[in-house]
Every structure is written in C-alpha cells, then in structure tokens.
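The exercises below are meant to be worked through with the sequence and the coordinates at hand. Try each task before reading the solution that follows.

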Amino acid sequence: MPPSPAPDTCWLYLIRHAATDNNRARPPILQGRRTDPGLSEEGRRQARLTAQALADRPIDCVYSSPLLRARETAEAIAAPHGLEVEFDDGLIEADVGDWEGRAWDEVERTDPEAYRLFRDDAAVNPYLGGENLSTVLDRARPALERLMDANLGRTIVVVAHNVVNRSYLTHLLNTPLAKYRSIPQENCGINLIRYRRDRIRPVTINWVEHLDGEELL
C-alpha cells in the first residue's frame, strides 16, 4: 500500500477498464471510440474484484474516460468510497478509424499496406482513418498530469484504456512509442504512479493478481 501522500505528491492508480465481449473474442475485435460496448459478465466480475482490492485504500477521487466500458468499471471502484465518477475526454480510447469492430487478421488481409505501416511504427502511422499513437499521447499525457497536479496530497483512480495507458507508460518508462506493445495492460490491470511536480515515477505496472483473489500490495 502506498503511504499517505505528502502535500507535494499525488498517488495515481491508473487502471485499464474491465473486459468486454470484444476483448475476449478470438481473435479480439478492435474497439476504439466509435462503438461503445458495456462490460461482459466476466468484465463485471473483474470490476467487482478491482473495487474490492481498492475498497480499503484512501481514495479521494475517481476519474474515467466517458466510454461505457470505462465508466462502468470506474463506478464499481468508486462505490465503496461513496464517490461520484468524474469524466475527462482526454482519457478516451484511440480512434481506430476504419478498423473499428474488425479483427487484426481481417485488417491485414484487406488493408495490407496500412496494416504494415501501423505495425512498423504506430507512433507515426495511424489506424486507417483514425489516430496514431503520438496523437493519443499528446492528449492523454496532459489530461493525466493535469488530474495529478490538481490532486497533490491525494490518492486518485483513473480508469482509461489499453492504448491510452500503454502510450503514457511508454513515455514514463522512456520506451519508444513504437514499442508500446511491450507494455502489458490486461483488463483491470492496475498501474501505480507516483507524481511529484519534479518527477513522475511508475511503481507498479499491470498488477492483476487481485483478479485471482490475491491481496494488492
């Protein structure tokens, strides 16, 4: 458990939303911001377990992407603390453009050149008709750091998305944005970040043992 934050420090639990049916499809179905599915039955279970893991933590605020899958996860986490979820458009998932609702094998077959370019360097080359990862980071980083800066002396939760979280964590870890897939982000994976105005440091990346009933450190 992180210590009570000093007046110049914010502790952030950055969490990927719980699972949807698209996440568990085989192969998985891309979901960005153009469709808005809610949580699956498995996802609702994950959200409950995450809420239980954080129920005894001193959480002061809960923020979320406005998309339904993130909102439902955040509301489950906020409930034990009697908090209302606040929404921030900067946390919304990447716009995956023409590939929304499609699987990667289909995308590779139908849009081979755009797929190749994206796989080579998604920081520069966008989802066809959508965003690249530099654009995602350019809006997600200020949103996250603004929320942390506004909550010095507090502990907060932010529920966002796979690409948003990976993009920001690559920045914190000084990893090239094109290598974002090297950062694991499972559904309801918990990342703990310590923010001070002179330094931002990831402490835990993708903690998921709470989903198997183990206690969160």
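**Exercise 1.** Which residue in β4 is the bridge partner of Arg 16?

*Solution.* The model is a predicted one, and the steps below should be read with that in mind. Begin with the pairing of the strands: β1 and strand β4 (residues 155–160) run in the parallel sense and are joined over 6 bridges. Within this pairing, Arg 16 has Ala 160 as its bridge partner in β4. Then turn to strand β5 (residues 190–196), which pairs with β1 in the antiparallel sense over 7 bridges; here Leu 14 stands opposite Asn 191.

**Exercise 2.** Determine how far strand β1 is enclosed, and which way its side chains point.

*Solution.* First sort the residues by direction: Thr 9, Trp 11, Tyr 13 and Ile 15 point one way from β1, while Cys 10, Leu 12, Leu 14 and Arg 16 point the other way. Next consider accessibility, for which buried means under 20% relative accessible area. By this criterion 8 of the 8 residues of strand β1 (residues 9–16) are buried, so the strand is largely enclosed by the rest of the structure.

**Exercise 3.** In what order do the 6 strands of the open sheet follow one another, and which strands form its edges?

*Solution.* Read across the sheet, the order is β3-β2-β4-β1-β5-β6, and the pairing is mixed. The edges are formed by β3 (85–87) and β6 (199–207), each of which pairs on one side only. From one strand to the next the twist averages 25°. To place strand β2 (residues 61–64), note that 4 bridges join it to β4 and that these two strands run parallel; in this pairing Cys 61 stands opposite Ile 156. Finally, add helix α3 (residues 68–78), which lies across β1, β2, β3 and β4 and runs at about 170° to β2.

**Exercise 4.** Describe the surroundings of Ala 160 and of Asn 165.

*Solution.* Start with Ala 160, which belongs to strand β4 and is buried, with a relative accessible area of 0%. Not counting residues up to four places away in sequence, Ala 160 touches Leu 14, Ile 15, Arg 16, His 17, Leu 91 and Asn 165. Ala 160 and Leu 67 are 93 residues apart in sequence, yet their C-alpha atoms are 8.9 Å apart in space. Continue with Asn 165, which is located in helix α7 (residues 162–172) and is likewise buried, at a relative accessible area of 0%. With residues up to four places away in sequence again set aside, the contacts of Asn 165 are Leu 14, Ile 15, Arg 16, Ala 160, Gln 185 and Asn 191.

**Exercise 5.** Which residues have the most contacts inside the largest nonpolar core, and which elements give two or more residues to it?

*Solution.* This core has 38 residues, and those with the most contacts inside it are Tyr 127, Met 148, Ile 156 and Val 158. Two or more residues are given to it by each of β1, β2, α5 (112–120), α6 (133–149), β4, α7 and β5, and the largest share, 8 residues, comes from α6. Ile 156 serves as an example: leaving aside its neighbours within four places in sequence, it is in contact with Cys 10, Trp 11, Leu 12, Tyr 13, Cys 61, Tyr 63, Leu 147, Met 148 and Asn 151. A second, separate core of 16 residues includes Tyr 13, Ile 59, Ala 74 and Leu 192.

**Exercise 6.** Characterise the packing of helix α2 against α3.

*Solution.* Two packed helices are described by the angle between their axes and the distance between the axes. The axes of helix α2 (residues 41–54) and α3 come within 8 Å and cross at roughly 35°, and this crossing is right-handed. The contact brings Ala 47, Thr 50, Ala 51 and Leu 54 in α2 against Thr 73, Ala 76 and Ile 77 in α3. By character, the residues of this contact divide into 5 nonpolar, 2 polar and no charged.

**Exercise 7.** Is Asn 174 buried or exposed, and is Asn 206 buried or exposed?

*Solution.* Most residues other than glycine have a negative phi, and most peptide bonds are trans. Asn 174, in the loop between α7 and β5, has a positive phi of about 55° although it is not a glycine, and at 71% relative accessibility it counts as exposed. Asn 206, in strand β6, has a positive phi of about 60°, but at 9% relative accessibility it counts as buried. As for the peptide bonds, the one from Arg 26 to Pro 27 is cis, with omega near 0°, and Pro 27 lies in the loop between α1 (21–24) and α2.

Technical notes. Residues numbered from 1 in each chain as written. Predicted model: local features only at pLDDT ≥ 70, side-chain atom pairs only at ≥ 80, totals over all residues. Heavy atoms only, no water. Buried < 20%, exposed > 50% of the residue type's maximum accessible area, 1.4 Å probe, protein only. Pairing = 2+ DSSP bridges. Contact = heavy atoms within 4.5 Å. Axes fitted to C-alpha atoms, helices over the stretch in contact; angles between N-to-C directions. Core = buried A, V, L, I, M, F, W, Y, C linked by side-chain atoms within 4.5 Å. Left-handed = near helix turned anticlockwise from the far one by under 90°. Nonpolar A, V, L, I, M, F, W, Y, C, P; charged D, E, K, R; others polar.
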